[in-house]
Amino acid sequence: MLFNFKQRLLFFFISMFFFLGLFQLGFLIKIDKSFSKELTNYFINQIHVINEFGIFFNNLKIALVMFIPILGIVIGSFSAFSTGLIFNSIVNVSHANYPNSLIVFLTPFGLLELMAYGLAISRGCIFLCEIFKKKTSKKSIMYLLIEIGLVCIMLFIGAVIEWSMIGNIPKKLI
């Protein structure tokens, strides 16, 4: 195996902070009110026709792609940035005052999603390193499958929690 536990943990935390940084960047970009309203309306329309299974499968689609070397980093980056942009739009339109946009990751579903995405991105990076160094083994494939299973479990639990929280959001923010 190419990486020991401490190195694996380091990849995991770097991936989570990378995701958080891009989320924060999406949140900090200045956007005008009309674009904010458009994004918020799109988001609200999406969540009102979805349930916990829809949230789960949407998040799982994104997370599974994050396991793919190189492509996973690109998709993970886009996902983090666009999620920050959506959060930015909602805050902008609703005139809510959040001291820090990262507060969403203090929710149970936010923590679970962040850990799942960090795990997926980091495994994609590790898998890429293993491919380049020609050190891919059955053990590394087994770890990949175990981590995919963990990501599925975290995202499913997160989706159930997120759906129950979404049910308490007012139907009209604008």
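These exercises, with worked solutions, concern a predicted model.

**Exercise 1. Helix α5**

Task: Check whether the end-to-end distance of helix α5 agrees with its residue count.

Solution:
- Helix α5 covers residues 108–132, which is 25 residues.
- The expected span at 1.5 Å a residue is 36 Å.
- The end C-alpha atoms lie 36 Å apart, so the two values agree.
- Next, the surroundings: 19 of the 25 residues of α5 are buried, and the helix is mostly covered.
- After α5 comes K134, which has a positive phi, near 50 degrees.

**Exercise 2. Residue F132**

Task: Classify F132 as buried or exposed, and place it relative to F23.

Solution:
- F132 sits in helix α5.
- Its relative accessibility is 63%. The cut-off for exposed is over 50%.
- F132 therefore counts as exposed.
- In sequence, F132 and F23 are 109 residues apart. In space, their C-alpha atoms are 29 Å apart.

**Exercise 3. Residue N88**

Task: Decide whether N88 is buried or exposed, and list its contacts beyond four places in sequence.

Solution:
- N88 belongs to helix α4.
- Its relative accessibility is 9%. Buried means under 20%.
- N88 therefore counts as buried.
- With neighbours within four places in sequence left aside, N88 contacts G26, F27, L28, I29 and I31.

**Exercise 4. An aromatic pair**

Task: Assign a geometry to the ring pair F19 and Y117.

Solution:
- The whole structure holds 10 aromatic pairs.
- In the pair F19 and Y117, the ring centres are 5.3 Å apart and the planes meet at 40 degrees, so the pair is tilted.
- F19 lies in helix α1 and Y117 in helix α5. The pair links distant parts of the chain, 98 residues apart.
- Both F19 and Y117 are buried.
- Both also belong to one aromatic cluster, formed by F19, F23, F27, F87, F105 and Y117.

**Exercise 5. The largest pocket**

Task: Describe the lining of the largest pocket by position, helix and residue class.

Solution:
- The largest pocket has a volume of about 1500 Å³.
- It is lined by 42 residues; F43, T83, I86, I90 and E162 are the closest to its centre.
- By helix, α1 (5–28), α2 (33–47), α3 (52–66), α4 (71–94), α5 and α6 (138–166) each supply at least two lining residues.
- Helix α4 gives the most, with 12 residues.
- By class, the lining has 31 nonpolar, 9 polar and 2 charged residues.

Technical notes
Residues numbered from 1 in each chain as written. Predicted model: local features only at pLDDT ≥ 70, side-chain atom pairs only at ≥ 80, totals over all residues. Heavy atoms only, no water. Helix = DSSP H or I, 4+ residues; strand = E, 2+ residues; numbered from the N terminus. Expected span 1.5 Å × (residues − 1). Buried < 20%, exposed > 50% of the residue type's maximum accessible area, 1.4 Å probe, protein only. 1 Å grid on protein atoms, 1.4 Å probe; cavity = no way out; pocket = protein on both sides within 12 Å on 5 of 7 lines; lining within 4 Å. Points joined across faces, edges and corners; volume = space filled by probe spheres on them. Nonpolar A, V, L, I, M, F, W, Y, C, P; charged D, E, K, R; others polar. Contact = heavy atoms within 4.5 Å. Phe/Tyr/Trp six-rings, centres within 6.5 Å; stacked < 30°, edge-to-face > 60°.
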